[in-house]
Amino acid sequence: MVSVTRAVFGDLPSGAGTVEKFQLQSDLLKVDIISWGCTITALEAKDRQGRASDVVLGFAELEGYLQKQPYFGAVVGRVANRIAKGTFTLDGKEYKLAINNGPNSLHGGIRGFDKVLWTPEVLSNGVQFSRVSPDGEEGYPGELKVWVTYTLDGGELKINYRAQASQTTPVNLTNHSYFNLAGQGSPNIYDHEVTIDADAFLPVDETLIPTGEVAPVQGTAFDLRKPVELGKHLQEFHINGFDHNFCLKGSKEKHFCARVHHAGSGRVLEVYTTQPGIQFYTGNFLDGTLKGKSGAVYPKHSGFCLETQNWPDAVHQPNFPPVLLRPGEEYDHTTWLKFSVA
């Protein structure tokens, strides 16, 4: 059985609306999601002793989400990840997007889907959020109708994304939760064992834009096909962390893509998706300046993201899976986050 409760989370400044919180609870998981950015603000999962801890980074109050912060728990779009130089050409016309990450456009621009109020609808086992992104929002062409649905079943949180466009536009939606399976506020993720089921990854330039090469993981730091303990692995390969797209054996059916195990607590997170890629990010840009839940600060490498997605900068790479949504088509993808203990 899943219970769904609804409460006020806070009011936006200058009468811009009320943000609500929806709590989904099963016997194994408790998830809090707010209507601002469809944001997961808390996710409590049990350890092997049956003790529940909140395993996502974030804030207890709305104010935290309204400040400059790194997309904690939010849905990002219209296009997740980076678009080189914030421009693309479609049917002979050049579109200019907001530049908000070095020379590039990141996660939908200055005011992406993470920074807007969505319309909620309570379901028997979850909540559906919807909004209409107007033509020209953040520079993107066409009106886009979007639905994001969270449903809970035992230890599995399912996220479904749907969209319909009035004219051809790139679309790539994902959730940007930062996890720490030891419990949010734990200092780092070095004792987490990570597996990603990918034979290839996308090398990037100094601004984190894919070079266009699809490189085999074999013999590199990116070979995560067997479990690696993150801290030891970063040391062994002398790397600062991960912020890369792993190329999945892309079928449009549900497929396993990643597993993270925290031996100390026994918590396991498995990710399944219908998408062709997953961005593994190890919180390299966290710097301890944000004050999170229960007074926690979030230093570098204190959380990880597993963002199921289309490949980044696909608008410029004809050999990448297509990212354009045309009128009459439907964008539809699903990701499953499955929590258990081992």
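Me: Why is Asn 81 called buried?
Reply: Asn 81 has 2% relative accessibility, and buried means under 20% relative accessible area, with exposed over 50% and partly exposed in between (1.4 Å probe, protein chains only). Asn 81 therefore counts as buried.

Me: What kind of model is this?
Reply: This is a predicted model, in which local features need pLDDT of at least 70, side-chain atom pairs count only at pLDDT 80 or more, and totals for chains, interfaces and linings use all residues. Residues are numbered from 1 along each chain as its sequence is written, and side-chain values use heavy atoms, with hydrogens and water left out.

Me: What makes the link between the side chains of Asn 81 and Gln 279 a polar contact?
Reply: The distance is 2.9 Å. A polar contact is a pair of N or O atoms within 3.5 Å; within protein, one must be able to donate a hydrogen and the other to accept it, and residues adjacent in sequence count only if both atoms are side-chain atoms. The pair is therefore listed as a polar contact.

Me: Why is Cys 257 not in a disulfide?
Reply: The closest cysteine sulfur, in Cys 247, is 12 Å from that of Cys 257, whereas a disulfide is a pair of cysteine sulfur atoms within 2.5 Å. That is too far for a bond. Cys 257 is also buried, at 0% relative accessibility.

Me: Why is Cys 305 not in a disulfide?
Reply: Its closest cysteine sulfur, in Cys 257, is 14 Å away, so too far for a bond. A search of the whole structure finds zero disulfides.
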